[in-house]
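These are my notebook entries on a single protein model. I set down what I looked up, topic by topic.

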Amino acid sequence: MSLKDRKTRDDRYMDLFIVFSKRVEHILAVLLVCFLVALFISQALLLVPGLRQRIVKVERLEGHPYMNTAGS
């Protein structure tokens, strides 16, 4: 195999690797954004007391909720 053929083959491999890695990076970026959106939505849903009671099992075991009595 000549040096020119080897260089051409190596260049082709590098080009294919760059195309592949850009696709993988794009997929990972999309997944990261989806997971962040899901995280924010799930945390926002935990702010709803009635929904939090149904989602979080430990919430029912905590006893009586704390009531702010500073205004009384």
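The entries below go from the overall fold to the surface, a charged pair and the last helix.

**Entry 1: model and confidence.** I note at the outset that this is a predicted model. I looked up the confidence and found a mean pLDDT of 86 for the protein, with 86% of the residues scoring at least 70. I then compared the elements: H1 has the highest mean pLDDT, 94, and H3 the lowest, 78. I keep the value for H3 in mind for the last two entries.

**Entry 2: secondary structure.** I counted three helices and zero strands. Along the sequence I read the pattern α-α-α. Helix H1 covers residues 3–45, and helix H3 covers residues 57–61.

**Entry 3: burial and surface.** I asked what share of the 72 residues is buried. Buried residues account for 1% of them. For the accessible surface of the protein I recorded about 7200 Å². Carbon and sulfur atoms hold 68% of that surface.

**Entry 4: nonpolar patch.** I looked for nonpolar side chains grouped at the surface and found a patch of about 1000 Å². Its members include the aromatic residues Tyr 13, Phe 17, Phe 20 and Phe 35. The patch also takes in Met 14, Ile 18, Val 24, Ile 27, Leu 28 and Leu 31. I checked Tyr 13 separately: it lies in helix H1. Its relative accessible area is 56%, so Tyr 13 counts as exposed, the cut-off being over 50%.

**Entry 5: salt bridge.** How many salt bridges does the structure hold? I found one. It joins the side chains of Asp 11 and Lys 7, with 3.8 Å from N to O. I recalled that side chains of opposite charge can pair when their charged atoms come close. As for the spacing, Asp 11 and Lys 7 are four residues apart in helix H1, so about one helical turn separates them. I also compared the two for accessibility. Asp 11 is partly exposed at 37% relative accessibility, whereas Lys 7 is exposed at 54%.

**Entry 6: Glu 59.** I moved on to helix H3, where Glu 59 is placed. Is Glu 59 buried or partly exposed? With a relative accessible area of 23%, Glu 59 is partly exposed, because buried would require under 20%. Setting aside neighbours within four places in sequence, I found Glu 59 in contact with Arg 52 and Gln 53. I also took the C-alpha to C-alpha distance from Glu 59 to Pro 49, which is 9.7 Å for a separation of ten residues in sequence.

**Entry 7: Arg 60.** Arg 60 is likewise found in helix H3. I recorded Arg 60 as partly exposed, at 48% relative accessibility. Not counting residues up to four places away in sequence, Arg 60 touches Gln 53 and Arg 54. I note that Gln 53 appears among the contacts of Glu 59 and among those of Arg 60.

How values were computed. Residues numbered from 1 in each chain as written. Predicted model: local features only at pLDDT ≥ 70, side-chain atom pairs only at ≥ 80, totals over all residues. Heavy atoms only, no water. Buried < 20%, exposed > 50% of the residue type's maximum accessible area, 1.4 Å probe, protein only. Areas by Shrake-Rupley, 256 points an atom, 1.4 Å probe, with all protein chains shown as cover. Patch = residues over 30% accessible without salt bridge, like charges linked within 9 Å, V, L, I, M, F, W, Y side chains within 5 Å. Salt bridge = Lys/Arg side-chain N within 4 Å of Asp/Glu carboxyl O. Contact = heavy atoms within 4.5 Å. pLDDT = per-residue confidence, 0-100.
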